[in-house]
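Trainee: Could you take me closely through a single part of this model, the places where its chains meet, and follow one of them inward to the strands behind the contact?

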Number of protein chains: 6
Amino acid sequence: MAAAEPSDQTLAGALSHIDAEGHVHMVDVGDKAETPREATARGRLVMQPATLALIQTGGVPKGDVFAVAQVAGIMAAKRADELIPLCHPLPLTYVAVTFTPITPTTEGQPAAVEISATVRTVGRTGAEMEALVAVAVAGLTIYDMCKAVDRSMRLEAVRLVHKSGGKSGEWSGE
Amino acid sequence: MAAAEPSDQTLAGALSHIDAEGHVHMVDVGDKAETPREATARGRLVMQPATLALIQTGGVPKGDVFAVAQVAGIMAAKRADELIPLCHPLPLTYVAVTFTPITPTTEGQPAAVEISATVRTVGRTGAEMEALVAVAVAGLTIYDMCKAVDRSMRLEAVRLVHKSGGKSGEWSGE
Amino acid sequence: MAAAEPSDQTLAGALSHIDAEGHVHMVDVGDKAETPREATARGRLVMQPATLALIQTGGVPKGDVFAVAQVAGIMAAKRADELIPLCHPLPLTYVAVTFTPITPTTEGQPAAVEISATVRTVGRTGAEMEALVAVAVAGLTIYDMCKAVDRSMRLEAVRLVHKSGGKSGEWSGE
Amino acid sequence: MAAAEPSDQTLAGALSHIDAEGHVHMVDVGDKAETPREATARGRLVMQPATLALIQTGGVPKGDVFAVAQVAGIMAAKRADELIPLCHPLPLTYVAVTFTPITPTTEGQPAAVEISATVRTVGRTGAEMEALVAVAVAGLTIYDMCKAVDRSMRLEAVRLVHKSGGKSGEWSGE
Amino acid sequence: MAAAEPSDQTLAGALSHIDAEGHVHMVDVGDKAETPREATARGRLVMQPATLALIQTGGVPKGDVFAVAQVAGIMAAKRADELIPLCHPLPLTYVAVTFTPITPTTEGQPAAVEISATVRTVGRTGAEMEALVAVAVAGLTIYDMCKAVDRSMRLEAVRLVHKSGGKSGEWSGE
Amino acid sequence: MAAAEPSDQTLAGALSHIDAEGHVHMVDVGDKAETPREATARGRLVMQPATLALIQTGGVPKGDVFAVAQVAGIMAAKRADELIPLCHPLPLTYVAVTFTPITPTTEGQPAAVEISATVRTVGRTGAEMEALVAVAVAGLTIYDMCKAVDRSMRLEAVRLVHKSGGKSGEWSGE
């Protein structure tokens with residue numbers, strides 16, 4: 001991930017939300033062009049295998065926990081700018097949240113639900129925060145629905161995995 | 001964490017937000033007593049050491065990134081029931097979000113900011129989701145403020161570490 | 001429904017949200033006791049039989065349209081006081097939204113989805129508006145998801161069917 | 001209303017918010033052009049004649065109930081995308097909500113308030129949901145303000161009556 | 001206003017939202033009793049006499065500008081805790097916003113609209129912020145509706161004038 | 001400020017949010033071009049000198065009260081259209097809120113914090129309301145954080161000081 005390592009230049013330029021006197025502000029994007037942008041984030045809700053089994057089969061019509069979490073993630077993406085103080089409002093043109101159950105193959109290993117969110121916009125800044133917020137809220141919604149049986153679930157590895165569009169162009173992480 | 005392992009009884013009782021026909025609903029807490037409850041959640045935003053150094057010293061008045069993230073976490077806790085579909089509205093009586101920078105002692109190790117949120121209420125159900133939402137939003141706010149220099153940051157180990165109050169009483173995780 | 005006919009007394013007493021000078025205000029409920037209250041509202045989204053068939057079987061995993069609408073209705077109930085200007089904020093203790101498909105038995109008759117929402121609270125005023133808002137938003141969510149195939153759907157008969165609790169006690173409509 | 005009848009093609013194409021695997025998502029409108037669009041929705045709050053008389057004359061300065069409902073409808077239109085899960089955020093350029101009292105000419109007939117909402121935007125998708133949400137919330141606001149005298153009011157015939165703009169062009173219903 | 005002068009004790013005790021290390025948090029009110037509380041705030045939107053005349057008579061049905069501002073103030077009071085970061089959520093039991101036009105008696109003097117908001121709750125902390133937010137938002141709503149004819153309007157003297165209830169008891173300002 | 005005096009023409013044209021029949025509506029801006037626009041508003045929170053000293057030095061790390069108020073102001077600017085009923089939603093491209101402490105030079109004079117907010121957008125209407133809302137909410141946030149020591153603070157002179165862009169072009173007030 002060499003691309004993500006702060007260069008001397010960015011170190012010199014410092015953090016973009018903080019001006020010369022240390023006051024925070026929303027970065028000015030008025031001079032940027034409105035271009036198509038996409039961001040994909042991922043994360044993982046780690047849980048006990050019995051919890052995952054319950055989500056998938058335990059007398060519960062398959063998919064309902066995921067359906068609620070999917071809706072929660074999509075709705076949260078649309079409100080990212082209300083949650084993240086310096087995040088710009090963006091006219092989202094597409095949001096999708098998907099889940100992949102990960103069943104452990106070795107005994108004693110935890111199970112997990114892999115969460116992925118892709119957000120697109122035609123705007124002056126990228127939709128990274130919207131995708132990350134969607135993953136976090138979708139994951140915590142699964143937590144909420146299952147916490148009566150498993151309070152030890154953990155949300156892990158919430159990260160940006162891909163972005164494209166805008167002046168900084170394409171970026172991929174792991 | 002044996003306490004968190006689903007017992008046969010909870011497996012039989014299935015997920016509390018889903019009724020006998022598989023329809024989701026907000027769990028009825030009307031018969032529960034209004035009692036003092038507290039929940040603490042934690043998480044970790046893992047980043048490059050240079051990013052943490054920049055937050056702490058790079059021409060930036062120390063604490064400003066944290067001040068913004070603190071406010072974001074507190075405000076998000078108050079809106080958890082708007083984000084998490086089946087979460088009950090709760091009259092929060094206390095919210096605090098704190099940060100602990102973790103500088104790596106070994107070269108090549110990542111740095112991190114440990115995030116902790118404690119939420120209290122006097123209500124009919126616990127404030128676990130409020131604490132978890134506060135941690136996630138505070139962490140993503142730091143991400144947002146630093147993403148221009150480090151897109152590879154990851155939010156890790158967002159989890160409940162302690163709760164007290166209510167019928168199920170005290171619970172501690174790692 | 002004789003019970004609903006305005007009596008001479010209520011005509012004399014006029015509308016409760018409007019004071020002697022005609023200014024609107026939120027009615028003072030501070031002297032009312034906090035008691036358990038419940039309200040059930042219903043409505044009907046009328047549609048073409050082919051639209052209902054599509055929701056139920058057309059390549060779509062059964063229930064997903066309803067799952068989204070269910071979540072939308074529950075979340076809207078929690079925000080009724082943000083939408084209805086003079087509605088009091090209420091700590092909801094239970095919300096459920098259910099759907100019943102109504103297939104026409106006679107050719108040429110429209111199909112429909114019957115929507116029902118039940119809301120409970122322990123508060124100083126009833127949850128009628130929360131139940132009505134849940135029905136309306138759940139119905140419009142189905143409209144939104146199906147409008148690409150049927151723009152002529154109509155939301156009909158959104159009404160209170162039952163309430164209990166509080167000083168005015170039990171009330172039932174059709 | 002032949003225009004609204006699902007064609008074989010739309011039946012084959014299925015519901016636009018649901019992908020091949022049955023997962024819901026917000027439809028991608030990124031490739032659509034930003035064009036002027038308008039939508040008008042209507043509905044009717046049916047009530048007892050005495051209730052309508054009270055709104056219009058009963059010691060209440062004429063228009064105040066309508067003024068509150070008008071504001072409620074306009075504000076709700078702006079938040080339609082927060083209520084309807086898969087609805088795109090749209091930069092509304094115009095919203096108007098109007099009311100027409102309908103006094104029964106025959107004894108025993110109910111009275112009503114006809115509600116109409118027109119919404120315009122310059123965007124990548126239409127404002128149908130915004131207009132429908134405005135009608136529903138305006139109608140329920142009147143319900144809220146009058147429910148102390150008439151709990152049996154019903155919101156009827158909430159429907160799209162006209163839309164223009166966008167690729168699908170003009171559409172009119174009844 | 002001697003009552004408002006910080007005593008040595010409060011100076012020593014410092015600001016209540018900031019802990020020993022300087023981190024902000026929402027003050028813990030969990031140990032306070034739920035008691036009836038009331039707060040009244042006032043402010044003044046100063047404007048040109050012609051602007052006030054226009055609001056009152058200029059072809060506009062009297063009261064409509066005030067009706068919109070009244071609704072805006074009431075709705076904002078209910079959302080004060082979403083706007084003011086460290087403000088507790090409170091179950092408001094009453095909100096009223098009223099306006100008094102002040103016509104200048106001397107030529108060259110400005111006109112004004114005096115805005116007053118009273119908020120009541122039964123809660124663990126007072127509703128001062130809710131009343132102040134209601135006054136500010138009601139005043140700015142009048143500004144918004146009249147700014148096409150008078151951009152130089154000013155919101156002045158937004159202040160708490162009375163509070164009662166809670167441990168600190170009654171307080172009156174000017 | 002001759003520029004702000006209502007001309008005969010504007011008097012004749014009346015208030016822009018109110019149509020010929022006196023119904024309020026959101027003004028149609030669909031025909032306006034999307035152009036860069038900027039608005040700056042200011043206000044002043046007047047307080048006792050001891051209160052200002054406490055904010056600046058009293059055991060409190062300098063800047064924390066301001067940091068919270070800054071975040072509150074920025075976040076409120078983004079939600080102005082949710083608070084001000086007839087305000088258009090705008091894609092803000094820049095928001096900054098700054099504070100200037102004003103220490104009295106003469107004994108007996110009050111101290112103050114001068115609040116300034118600048119908002120930019122590329123849109124069909126100006127961002128005046130967003131800037132005014134940011135100032136008011138930032139000021140009330142300082143009030144909230146200091147009210148335990150000084151309830152008599154007042155928010156004064158909240159006004160537009162500059163706007164540019166759009167058909168009406170540049171405007172400056174005092």
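Mentor: What follows goes through two interfaces and then the strands that lie behind one of them.

This is a predicted model, in which local features need pLDDT of at least 70 and side-chain atom pairs count only at pLDDT 80 or more, while totals for chains, interfaces and linings use all residues. Residues are numbered from 1 along each chain as its sequence is written, chains are lettered from A and ligands numbered from 1 in the order in which they are written, and side-chain values use heavy atoms, with hydrogens and water left out.

I begin with chains A and B. Here 64 residues of chain A are in contact with 64 residues of chain B, contact meaning heavy atoms within 4.5 Å. Together the two chains bury about 5600 Å², with 68% of that area on carbon and sulfur atoms; buried area is the accessible area (1.4 Å probe) that two parts lose on being put together, summed over both. The rule finds four salt bridges across this interface, a salt bridge being a side-chain nitrogen of Lys or Arg within 4 Å of a carboxyl oxygen of Asp or Glu. The side chains of Glu82(A) and Arg79(B) form a salt bridge, with 3.0 Å from N to O.

Ten residue pairs, both at pLDDT 80 or more, are in polar contact across the interface of chain A and chain B; such a contact is a pair of N or O atoms within 3.5 Å, where within protein one must be able to donate a hydrogen and the other to accept it, and residues adjacent in sequence count only if both atoms are side-chain atoms. The elements of chain A that give two or more residues to the side touching chain B include helix H3 (64-78), helix H5 (128-146) and strand E5 (154-164), where helices (H or I, at least four residues) and strands (E, at least two) are DSSP runs numbered from the N terminus. H5(A) gives the most to that side, with twelve residues. Strand E5(A) is joined by two bridges to strand E5 (residues 154-164) of chain B, and these strands run antiparallel; two strands pair if DSSP finds at least two bridges between them. Within this pairing, Leu155(A) has Val158(B) as its bridge partner in E5(B).

The second interface joins chains F and D, and its contact takes 19 residues from chain F and 16 residues from chain D. These chains bury about 1400 Å² between them, 57% of it on carbon and sulfur atoms. Two salt bridges are found by the rule across this interface, and the side chains of Arg120(D) and Asp28(F) meet in a salt bridge at 2.3 Å, N to O. There are also eight residue pairs in polar contact between chain F and chain D, both residues at pLDDT 80 or more. On the side of chain F that touches chain D, strand E1 (25-26) and helix H4 (80-83) of chain F each supply at least two residues, and the largest share, three residues, comes from H4(F).

Strand pairing crosses this interface too: strand E3 (residues 92-102) of chain D and E1(F) run antiparallel and are joined by two bridges, with His25(F) as the bridge partner of Ala96(D). Going further into chain D, E3(D) is joined to E4(D) by ten bridges in an antiparallel arrangement, where Leu92(D) has Thr121(D) as its partner. Strand E4 (residues 111-123) of chain D is mostly covered, twelve of its 13 residues being buried, that is, under 20% relative accessible area (1.4 Å probe, protein chains only), with exposed over 50% and partly exposed in between. Strand E2 (residues 35-47) of chain D also pairs with E4(D), antiparallel over 13 bridges, and there Ala39(D) stands opposite Val119(D).
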